[in-house]
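Please study the sequence and the three-dimensional structure shown here before attempting the exercises that follow.

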Amino acid sequence: MSDTNTHVPLTERKLTENPEDCPVREVLDRVGDKWSVLIIVMLGQRTHRYSELDRAIDGISQRMLTLTLRALVRDGLVERTVHASVPPRVDYTLTGLGHTLLEPLTALDRWANDHRDDIRAARERHDRPEQG
């Protein structure tokens, strides 16, 4: 690990750094979108077939599901297994590395649930027209 930011806390880094040198940006590019998070959480429960993921994730197109799964496999977070059967069966499961994401994603989920009403109230205050 030759990355110079490996042991420098985010709060102490220059925010104008080269994005390719920032591990947080690099990881958020992958897991910061809603589809990756949903897929990782689902695969954290158990192995799923492609068709199960497609049916369970409301609003995702087949193209986006395919692209997201490919990216997660490429990053080593998800393992893809093709079974020689008719019709072909493809299973997806989290790798060990993928499992390490469950704790921070669970913490984020907990935070979001704990503060959802606070955020909504802040939005309402912000969006309310000023009087007087």
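The exercises below go from the whole chain to single helices and then to particular residues.

This is a predicted model, in which local features need pLDDT of at least 70, side-chain atom pairs count only at pLDDT 80 or more, and totals for chains, interfaces and linings use all residues. Residues are numbered from 1 along each chain as its sequence is written, and side-chain values use heavy atoms, with hydrogens and water left out.

**Exercise 1. Describe the protein chain as a whole.**

Solution. Begin with the secondary structure, where helices (H or I, at least four residues) and strands (E, at least two) are DSSP runs, numbered from the N terminus. The protein chain has six helices and three strands. Their order along the sequence is α-α-β-α-α-β-β-α-α.

Next, consider burial: a residue is buried under 20% relative accessible area, exposed over 50%, and partly exposed in between (1.4 Å probe, protein chains only). Of the 132 residues in the protein chain, 23% are buried. The accessible surface, computed by the Shrake-Rupley method with a 1.4 Å probe and, for residues, only the protein chains shown as cover, is about 10,000 Å² for the protein chain. Carbon and sulfur atoms hold 52% of that surface.

Finally, turn to contacts, meaning heavy atoms within 4.5 Å. Among the contacts in the protein chain with a separation of 6 or more, 39% are between residues 24 or more positions apart.

**Exercise 2. Determine how helix 4 is placed, and which of its residues are buried.**

Solution. First, check the length. The expected span of a helix is 1.5 Å times one less than its number of residues. Helix 4 (residues 62-74) has 13 residues and should span 18 Å, which agrees with the 18 Å between its end C-alpha atoms.

Second, list the buried residues of helix 4: Leu 65, Thr 68, Leu 69, Ala 71 and Leu 72. Viewed down the axis of helix 4, these buried residues lie within an arc of 160 degrees and so line one face of the helix. The arc is that of the directions from the helix axis to the C-beta atoms. An α-helix has 3.6 residues a turn, so residues three or four places apart point the same way.

Third, look at the other side of helix 4, where Gln 62, Arg 63, Arg 70 and Arg 74 are exposed. The cover over the buried residues includes helix 1 (23-31), helix 2 (34-45), helix 3 (50-56), strand 2 (78-83) and strand 3 (89-94).

Fourth, take one buried residue, Thr 68, with a relative accessible area of 6%. Leaving out residues up to four places away in sequence, Thr 68 touches Trp 35, Ser 36 and Ile 39.

**Exercise 3. Carry out the analysis for helix 2.**

Solution. Helix 2 has 12 residues and reaches 17 Å from its first C-alpha to its last, close to the expected 16 Å. Its buried residues are Trp 35, Ser 36, Ile 39, Ile 40, Met 42 and Leu 43. Seen down the axis of helix 2, they fall within an arc of 165 degrees, so they line one face. The face turned away from the buried side carries the exposed residues Lys 34 and Gln 45.

**Exercise 4. Which residues pair in salt bridges, and how accessible are they?**

Solution. Side chains of opposite charge can pair when their charged atoms come close. The rule asks for a side-chain nitrogen of Lys or Arg within 4 Å of a carboxyl oxygen of Asp or Glu. By this rule there are two salt bridges.

- Glu 52 pairs with Arg 46, with the closest N and O atoms 3.5 Å apart. Glu 52 is partly exposed at 23% relative accessibility, and Arg 46 is partly exposed at 43%.
- Asp 91 pairs with Arg 89 at 2.8 Å, N to O. Asp 91 is buried at 11% relative accessibility, whereas Arg 89 is partly exposed at 29%.

**Exercise 5. Locate the cis peptide bond and a contact between residues far apart in sequence.**

Solution. The cis peptide bond joins Val 86 and Pro 87, with omega about -5 degrees. Pro 87 lies in the loop between strand 2 and strand 3.

For the contact, start from Leu 102, which lies in helix 6. Leu 102 and Val 41 are 61 residues apart in sequence, yet their C-alpha atoms are 6.8 Å apart in space. Apart from neighbours within four places in sequence, Leu 102 is in contact with Ile 40, Val 41, Gly 44 and Leu 94.
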